[in-house]
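Work through the exercises below with the sequence and the 3D structure at hand. Try each task before reading its solution.

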Amino acid sequence: MTAPALDNEQDRLKVQNSSQTRRNGVPSPRLHLRVCENSSVKKLAILGSTGSIGNSTLSVCESFPDRYQVVALAAGSNIDAAYAQCLRWHPKVISVATEQLAATLKTRLKTAGITNIEILNGTAGTIHVATLPEVNFVVSAIVGVAGLEATYAAVCAEKTIGLANKECLVAAGELIIAAAKKHNVDLLPIDSEHNAVHQCMRGGTPQEVKQVWLTASGGPFRNTPIADFDRITPQQALKHPTWVMGQRITIDSATMMNKGFEVIEACRLFSLPPAQVRVTIHPQSTVHSLVEFIDGSILAQISVTDMRLPILYALAYPERVPVTEKDALTFDLATLSQLDFSQPDLTRFPCLRLAYEAAETGGRTPIALNAADEIAVAAFLARDIPFLGIPRTIEAVLQRTSGQPPASISEVLEADLAAREDAREVIASQTTGVRK
Ligand code: NDP
Ligand code: MG
């Protein structure tokens, strides 16, 4: 885990200010003014603003306008949502996926009389948003490796990171963690399990941790007979029992690959070997995760199943922000009647087994795990492969992948592209495709 620290820009300014005060006996008016401006409001860039996490983050900003200011946004292709966000939030900059989409957005905003928002596009645009000098907190919530370069750039630009994009850590965790240590940047997990672990970790030192337990709902097929798995349709797999999320993560939850990614994410974030990151099936999704300490104590984090809560925790860290009834984030313990925990069945969920194996092997295998999964999930949603075609595709791709670690983000992206190509070949060669 990265060392707890306050927002870097604020810290730096406060240190500058206090040393200046000590030297001269009188604070510098200019610096003092900047501290006042910065210490009360965190200035946010939200990468993936039009997605599920992006919208939840904006909802938190809506509830706490005196604490969080939206400075920059990065979206993909949902221009209607990007346009609505520009009207509501007036960011300084917004980036969208392509030049054409940027031109469309510019025209629509001009028609609405708004000409003072800078509109960028592509990876360069997303990186610009993530590294704007006036931003001090970046929420990384683009789905998949599309968010990797901007997240890495934000770390190198010394922004505090609220990290939802787990695929970044799966594919390039070692490089991101090394950069975060080098730049003394906090990576604050938004993924609910890691957010829970982060909270529980405050109850002891890293040396006192025996292991962590990530909870998993078990998804919609926890009790489905394995014989029926190949008849599972995308519609069935998209119905998550407890969370409403983007399509990719919802399918990943149904295969439990999401939990596999989270095992790797936890290894990276908390510097733990895979054997110390355990998974327990907890259908109620009430306990978001647990940390077991060497003295036998287990700390658990309980809260509502609402992503606004881990987002608020990350934004506010190291403080805690009081919420009211109106925010609907409080948990009524009196309504809690049952908490179940059981061991995951790796035969039922081969993706979880593959993720543990990739975590052990390391190198380029986690990159291939994520890339092959993304291609396989898209093929399943397009009804090109059956549900069990997802783990079959990933396993075949992993067998072709080297354990050689990537030395740079560009090597990560090369390995990612190679694994995607392998996955497409494997899918094309499969003869078990379902009829559309
Ligand atoms: P969504 O699919 O709802 O949103 C994805 C976001 O990424 C959208 O804003 C989308 O833009 C944007 N995007 C996609 N491709 C690009 C691109 N090439 N360039 C720029 N932006 C792009 O996903 P979620 O919000 O559910 O998940 C986001 C991340 O958070 C994932 O990594 C997920 O694993 C993680 N996470 C999500 C949780 C949840 O509850 N949803 C819980 C824990 C983690 P657009 O829509 O405009 O195309
Ligand atoms: Mg999660």
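**Exercise 1.** Determine where ligand 1 lies with respect to domain 1 (18-191) and domain 2 (196-430).

*Solution.* Keep in mind that this is a predicted model. Step one: check which domains give residues to the shell around ligand 1; domain 1 and domain 2 both do. Step two: draw the conclusion. Ligand 1 therefore lies between the two domains.

**Exercise 2.** Describe the shell around ligand 1 by its nearest residues, its elements and its residue classes.

*Solution.* Step one: of the 28 residues around the ligand, G51, G76, N78, M245 and G246 come nearest. Step two: look for elements that give two or more residues to this shell; they are α3 (52-63) and α8. The most comes from α3, with 3 residues. Step three: sort the shell by class, which gives 13 nonpolar, 12 polar and 3 charged residues.

**Exercise 3.** Classify the packing of helix α7 (residues 148-156) against helix α8 (residues 166-182).

*Solution.* Step one: the two axes come within 10 Å and cross at roughly 15°. Step two: apply the cut-off, by which angles under 35 degrees count as roughly parallel. The helices α7 and α8 are therefore roughly parallel to each other. Step three: give the handedness of the crossing, which is right-handed. Step four: list the residues that meet. From α7 these are L148, T151, Y152, V155 and C156; from α8 they are C168, A171, A172, I176, A179 and A180. By class, this contact has 10 nonpolar residues, 1 polar and no charged.

**Exercise 4.** Find the angle and the axis distance between α8 and helix α15 (residues 365-381), and name the residues that meet.

*Solution.* Step one: the angle is about 145°, and the axes are 7 Å apart. Step two: on the α8 side, the contact uses E167, V170 and A171, and on the α15 side P366, I367, L369 and N370. Step three: by class, the residues of this contact divide into 5 nonpolar, 1 polar and 1 charged. Step four: compare with the previous exercise. A171 of α8 meets residues of α15, and A171 is also listed in the contact with α7.

**Exercise 5.** Inspect the backbone at P318 and A328, and locate both residues.

*Solution.* Step one: Y317 and P318 are joined by a cis peptide bond, with omega about 10°. Step two: P318 sits in the loop between α13 (308-316) and α14 (350-361). Step three: A328 has a phi near 55°, a positive value in a residue other than glycine. Step four: the loop between α13 and α14 also holds A328.

Conventions
Residues numbered from 1 in each chain as written. Chains lettered and ligands numbered in written order. Predicted model: local features only at pLDDT ≥ 70, side-chain atom pairs only at ≥ 80, totals over all residues. Axes fitted to C-alpha atoms, helices over the stretch in contact; angles between N-to-C directions. Helix = DSSP H or I, 4+ residues; strand = E, 2+ residues; numbered from the N terminus. Parallel < 35°, antiparallel > 145°, perpendicular 65-115°, else oblique. Left-handed = near helix turned anticlockwise from the far one by under 90°. Contact = placed C-beta atoms within 7 Å. Nonpolar A, V, L, I, M, F, W, Y, C, P; charged D, E, K, R; others polar. Near = placed C-beta within 6 Å. Domains from an automatic or database assignment.
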